[in-house]
Amino acid sequence: MDREKDVMDIDRALARALDADDPGPAFAGKVIAAVKTEAGVPPASVSRAGGGAIHWRAVLPIAATIAMLVAGARYQAVETERASRAAQALEQAQARAAHAQLVQALRLTGQQLNVVHRAIERSQE
Amino acid sequence: MATLTLAQSRAASEMPASGTPAALRPVERAATRPDPGADARDRRLARARGGDLDAFADLVRHHQRLVFGIACRMLDDRAAAEDLAQDVFVQLHRHLATIESDAHLASWLRRVVTHRAIDAVRERKRRPVTPLDAVAEPMSAPVSEADPLLATWLRGQVAALPAAARAVVVLRYQRELGPVEIAETLDMPLNTVKSHLKRSLAVLRARCARLRPGARNGQ
């Protein structure tokens, strides 16, 4: 009867059967070796990784500011170039107009000189 | 409030006034009981977080039984369990910065090793889950719960359970967790945990009953 009761005490039997085993005293050493192998650097890399994350968080606004400054400078350069081109085009247009006026003035002057020249020739005849 | 261990909860379940099976009863943890070693363990965790390998090794030694114990019973294979436990601690080393306290660490380890063990069990394509009824009975009937034959047979029975049910049973009977804590650890609905426990225990009880010498002889 007692044997049956013992066998039927499934809760106690399960707790005993599933009791946690210990991997042995060498286990921690194996873990540390694996950690060193995996990291490839001293374990302080963990804190450095955390510090690195903090460092990046500090650097991010600076990087954003630099990017904005570069973008601003680039925009300014483009605008300056565009204004320069416009001024150049205006100067060229003004030069062309001045050239046309000069040509016109020379043409008129030439015609007037011809008139004067013909008048002089007629007076000499 | 004193801790209600598994044994105590089982004793309580034997009281006639109670209608809830012992396995489904929550385990009351010593949340309010002062733990004299907690501060020292938190300091050790802080040192490990700061890159102290000796402190991390101490931490591994303190928790290796928890991690290896779950892995071993889940995988039913010491070598595979040792590999898994080692991976879990390496993973812990990478995530030390996120661990807030020693209590958090134990909870983190329990959760990670259980989930990874469930994944490992499910990935064992070459070793499909054997239906519980297909597990062979021992040649001779075990005579008590202290019998090594019964323990081996029970481990085989538990190892034959589907991964999730196996995890529930291991967390309940090895870690002495209540259904609520098991549900939190496994990210599983509470009713599913209770269902797994109830069904697994019913099958195991039935199988145990068949081991009785009288039952074997049809008496």
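Tutor: Two residues are in contact if their C-beta atoms, placed from the backbone, lie within 7 Å. Helices (H or I, at least four residues) and strands (E, at least two) are DSSP runs numbered from the N terminus. Residues count from 1 along each chain as written, with chains lettered from A and ligands numbered from 1 in written order. The model is predicted: local features need pLDDT (the predictor's confidence in each residue, from 0 to 100) of at least 70, side-chain atom pairs count only at 80 or more, and totals for chains, interfaces and linings use all residues.

Student: Which residues of α3(A) are buried?

Tutor: Buried means 20 or more other C-beta atoms within 10 Å of a residue's own, exposed 12 or fewer, and partly exposed in between. By that count, the buried residues of α3(A) are A:Phe27, A:Ala28, A:Val31 and A:Val35.

Student: Why are they on the same side of α3(A)?

Tutor: The arc is that of the directions from the helix axis to the C-beta atoms. On the other side of α3(A), A:Ala33 and A:Thr37 are exposed. The buried residues A:Phe27, A:Ala28, A:Val31 and A:Val35 share a side because their arc around the axis is only 100 degrees.

Student: What in chain B helps cover the buried residues of α3(A)?

Tutor: Chain B supplies part of the cover, including α4 (78–94) and α3.

Student: Where does α3(B) bend?

Tutor: Its 23 residues (53–75) have end C-alpha atoms only 29 Å apart, short of the straight-helix 33 Å, which is 1.5 Å times one less than the number of residues. The bend, the angle between axes fitted to the seven residues ending at a residue and the seven starting there, is about 55 degrees at B:His63.
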